[in-house]
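User: I am new to protein structures and would like to take a close look at one part of this one. Could you start with a turn in the chain, and then guide me slowly through what goes with it?

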Amino acid sequence: MTTLNEYLVQKKAAVEARAAQAEHNTEVIVHRAKVRAAGRSGVREIRIRDFQIISDSPDDFAGYNLGPSSPELQLGVLGSCLTHITLIQASIRGVSLETLEVEVTGELHPLAGKPGYEEIPVYPHNIAYTVTLGSTETDETIQALREAVERVCPIYNLLVNPQTIQGQFVKKS
């Protein structure tokens, strides 16, 4: 049976090579995502590098259910990041992992922000995650892994720390 331990050997080598390269190139990396609403459907076409992801609404919200909604994508992005950072931290620390699965949940109330419901957040809240590991490691090792993951996971930290976002609306002529 193939386990993640074989992959962790490759991951460790990649992490070490990337860290060595970062010593020589300290330029900030700018990530970019571009989103366009498709005519007639309102489907959001998300372009990141050479990839396209579709975001849509359920049928009951004038959507076609062609993809996850934005709040669902946010939870998925958190789960993806937690998974990736767990793999990185396990490889660095030599933690044995046979399997890894992450589940993320969050609540959205349909009346959030409306009169009488102003105190309910309009964003996903009560977010929780569960990382399920197939591992023979001790509880102490797993706890240290969790602490390391939470310390450096970019999306986890984006969500738990207050952020300032600058924005503008530009009218096209």
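Analyst:
**A hairpin and its surroundings**

Let's begin with strands E1 and E2, which form a hairpin with 6 residues between them. One residue in that turn, Arg40, has a positive phi of about 70 degrees. Please keep in mind that this is a predicted model, in which local features need pLDDT of at least 70 and side-chain atom pairs count only at pLDDT 80 or more, while totals for chains, interfaces and linings use all residues. Residues are numbered from 1 along each chain as its sequence is written, and side-chain values use heavy atoms, with hydrogens and water left out.

A word on the labels: helices (H or I, at least four residues) and strands (E, at least two) are DSSP runs, numbered from the N terminus. E1 and E2 (residues 44-48) run antiparallel, joined by 4 bridges; two strands are said to pair if DSSP finds at least two bridges between them. You can follow the ladder yourself: Ala37 is bridged to Arg44 in E2, and Arg36 has Glu45 as its partner there.

E2 has a partner on its other side too. It is joined to E3 by 5 bridges, again in an antiparallel manner, and Ile46 stands opposite Ile53 in E3. Put together, the strands make an open sheet of 3 strands in the order E1-E2-E3. Strands E1 (34-37) and E3 (51-55) are at the edges, each pairing on one side only. From one strand to the next the twist averages 25 degrees, where axes are lines fitted to C-alpha atoms (for helices over the stretch in contact) and angles run from 0 to 180 degrees between N-to-C directions. As a general point, side chains in a regular strand alternate between the two faces of the sheet.

E2 and E3 also form a hairpin, this time with 2 residues between the strands. Arg49 is in the loop between them, and has a positive phi of about 50 degrees although it is not a glycine. Is Arg49 buried or exposed? With a relative accessible area of 70%, Arg49 is exposed; buried means under 20%, exposed over 50%, and partly exposed in between (1.4 Å probe, protein chains only).

Follow the chain past E3 and you meet Ala62, in the loop between E3 and H2. Ala62 is not a glycine either, yet has a positive phi of about 60 degrees. It is exposed, with a relative accessible area of 68%. Its C-alpha atom is 8.5 Å from that of Ser41, though the two residues are 21 residues apart along the chain.

That loop leads on to helix H2 (70-93). The expected span of a helix is 1.5 Å times one less than its number of residues, so the 24 residues of H2 should span 34 Å, and its end C-alpha atoms are indeed 34 Å apart. Its buried residues include Leu75, Leu78, Cys81 and Ile85. They pack against H1, strands E4 (99-107) and E5 (125-134), and helices H3 (139-152) and H4 (154-160). Just after H2 comes Gly94, with a positive phi near 70 degrees.

Ser91 shows how H2 meets H1. This H2 residue is buried at 4% relative accessibility. Leaving out residues up to four places away in sequence, Ser91 touches Leu8, Lys11, Lys12 and Val15, contact meaning heavy atoms within 4.5 Å. Leu8, Lys11 and Val15 are the buried residues of H1. Seen down the axis of H1, they fall within an arc of 60 degrees, so they line one face of the helix; the arc is that of the directions from the helix axis to the C-beta atoms. The face turned away from that side carries the exposed residues Val9, Gln10, Gln21 and His24.

One more H2 residue deserves a stop: how far is the sulfur of Cys81 from the closest cysteine sulfur? That sulfur, in Cys153, is 3.3 Å away, too far for a bond, since a disulfide is a pair of cysteine sulfur atoms within 2.5 Å. Both cysteines are buried, Cys81 at 12% relative accessibility and Cys153 at 0%. A search of the whole structure finds 0 disulfides.
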